[in-house]
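Here are my notes for you, set out as numbered points. I hope they are handy to have beside you as you look around.

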Amino acid sequence: MISHTSAVIMASGFSRRMQQNKLFLIYKKQTFIEKTVETAQKAGFFEVIVVIRPEDYKKCNFPDNVRIVFNRQSNLGQSMSVRLGIMNVRGDHVMFLPIDQPLLTAKGLQKIANFGDKKAIVVPFYDKKPRGPVFFGKYYFKELMQVTGDTGGRSVRDRHKENWVCLEFYDEQLKDIDTQREYAQLFSKKIEIK
């Protein structure tokens with residue numbers, strides 16, 4: 001399933017809680033954006049698309065086979081990234097990846113995608129809470145094109161709970177790094193990824 005799925009990396013947020021641009025935070029000698037792109041490429045998606053602000057793109061060095069989509073209206077919220085991603089997807093399905101999960105593995109992405117189909121929304125859970133990345137079958141593309149504001153694909157996800165495929169993750173790879181404290185914790189404890 002992953003070879004028919006487009007990865008859309010959501011890289012045009014404002015990192016307000018972190019108070020600095022999360023794209024360029026370093027973990028294990030890579031920036032968060034470099035790590036996310038590399039993990040997505042290793043996973044074997046049909047294509048990898050990065051939705052990014054032009055000013056941030058200038059500070060990045062992406063592999064040639066990564067498709068770049070500029071978000072010049074990121075002030076309109078996460079929904080703009082979702083719509084731009086869907087407009088550019090060429091795969092049969094889509095998975096939206098945040099850039100603030102530096103522990104995410106290619107195996108974890110494959111696990112999520114492999115439970116997908118055209119009418120599924122695959123929702124990974126960690127610590128009993130739904131997390132990203134989320135897989136959407138092609139059935140939802142039209143609806144994803146209509147999202148507005150800062151909820152992104154969450155509104156579509158939550159409208160179709162009857163089609164959720166819930167996957168529990170027991171390690172920390174789905175942990176979001178949203179604050180300086182969470183970023184510091186990355187370096188201060190042993191993290192187990194299965």
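The points below go from the whole chain to its spaces and then to single residues.

1. Before anything else, please keep in mind that this is a predicted model. The protein chain has seven helices and ten strands in its secondary structure. Its C-alpha atoms fill a box of roughly 40 × 35 × 30 Å along the principal axes.

2. How does the radius of gyration of the protein chain agree with that of a compact globule? For 194 residues, such a globule would come out near 16 Å, and the chain has 15 Å, so the two agree. As for burial, 55% of the 194 residues count as buried.

3. The contact pattern may interest you too. Taking contacts in the protein chain with a separation of 6 or more, 69% are between residues 24 or more positions apart. On the outside, the protein chain exposes about 9,900 Å², with carbon and sulfur atoms supplying 49% of that area.

4. Now to the largest pocket, which holds about 1,200 Å³ of space. Elements that each give two or more residues to its lining are β1 (5-11), α3 (78-88), β6 (93-98), β9 (134-136) and α6 (154-159). The lining comprises 37 residues, and those nearest the centre of the pocket are Gln78, Pro98, Asp100, Asp150 and Arg154.

5. What classes of residue make up the lining of the largest pocket? There are 13 nonpolar, 14 polar and ten charged residues in it. If you plan to look at the pocket by eye, the five residues nearest its centre, Gln78, Pro98, Asp100, Asp150 and Arg154, give you a place to begin.

6. Enclosed space is a separate matter. The count comes to two cavities of 30 Å³ or more, and the largest cavity has a volume of about 50 Å³. Its lining consists of Lys35, Thr36, Thr39, Leu97, Gln101, Pro102 and Leu104. Helix α1 (residues 32-43) supplies the largest share of that lining, with three residues. By class, the lining of the largest cavity has three nonpolar, three polar and one charged residues.

7. Helix α3 deserves its own point. It is one of the elements giving two or more residues to the lining of the largest pocket, and it is mostly covered, with eight of its eleven residues buried. Those buried residues are Ser79, Met80, Ser81, Val82, Arg83, Leu84, Gly85 and Ile86. They pack against β1, β4 (47-52), β5 (66-70), β6 and α5 (141-144).

8. Within helix α3, let me pick out Ser81. Is Ser81 buried or exposed? Its relative accessible area is 4%, under the 20% cut-off, so Ser81 counts as buried. Leaving aside residues up to four places away in sequence, Ser81 touches Met10, Ser12, Val51 and Asn71.

9. Gln20 sits in the loop between β1 and β2 (26-27). Its relative accessibility is 37%, so Gln20 counts as partly exposed. Apart from residues up to four places away in sequence, Gln20 touches Ser15, Leu25 and Gln180. The last of these contacts spans a long stretch of sequence: Gln20 and Gln180 are 160 residues apart along the chain, with their C-alpha atoms separated by 9.1 Å.

10. Finally, some backbone details to check. Most residues other than glycine have a negative phi, and most peptide bonds are trans. Asp127 has a positive phi of about 60° although it is not a glycine, and Lys128 likewise has a positive phi, of about 65°. Asp127 is placed in the loop between β7 (121-126) and β8, and Lys128 is found in the loop between β7 and β8 as well.

11. How exposed are these two residues? Asp127 has a relative accessible area of 51%, so it counts as exposed. For Lys128 the relative accessible area is 76%, so Lys128 is exposed too.

12. One peptide bond also needs a mention. Gly132 and Pro133 are joined by a cis peptide bond, with omega about -5°. Pro133 lies in the loop between β8 (129-130) and β9, and β9 is among the elements giving two or more residues to the lining of the largest pocket.

Notes:
Residues are numbered from 1 along each chain as its sequence is written. This is a predicted model: local features need pLDDT of at least 70, side-chain atom pairs count only at pLDDT 80 or more; totals for chains, interfaces and linings use all residues. Side-chain values use heavy atoms; hydrogens and water are left out. On a 1 Å grid over the protein atoms alone, a cavity is a set of points where a 1.4 Å probe fits but cannot get out, and a pocket is an open set with protein on both sides within 12 Å along at least five of seven lines; lining residues have an atom within 4 Å of a point. Grid points are joined across faces, edges and corners, and a volume is the space filled by probe spheres set on the points. Helices (H or I, at least four residues) and strands (E, at least two) are DSSP runs, numbered from the N terminus. Ala, Val, Leu, Ile, Met, Phe, Trp, Tyr, Cys and Pro count as nonpolar, Asp, Glu, Lys and Arg as charged, and the others, Gly among them, as polar. The radius of gyration is taken over C-alpha atoms; the globule rule is 2.2 Å times the number of residues to the power 0.38. Buried means under 20% relative accessible area, exposed over 50%, partly exposed in between (1.4 Å probe, protein chains only). Contact means heavy atoms within 4.5 Å. Accessible areas come from the Shrake-Rupley method with a 1.4 Å probe; for residues, only the protein chains shown count as cover.
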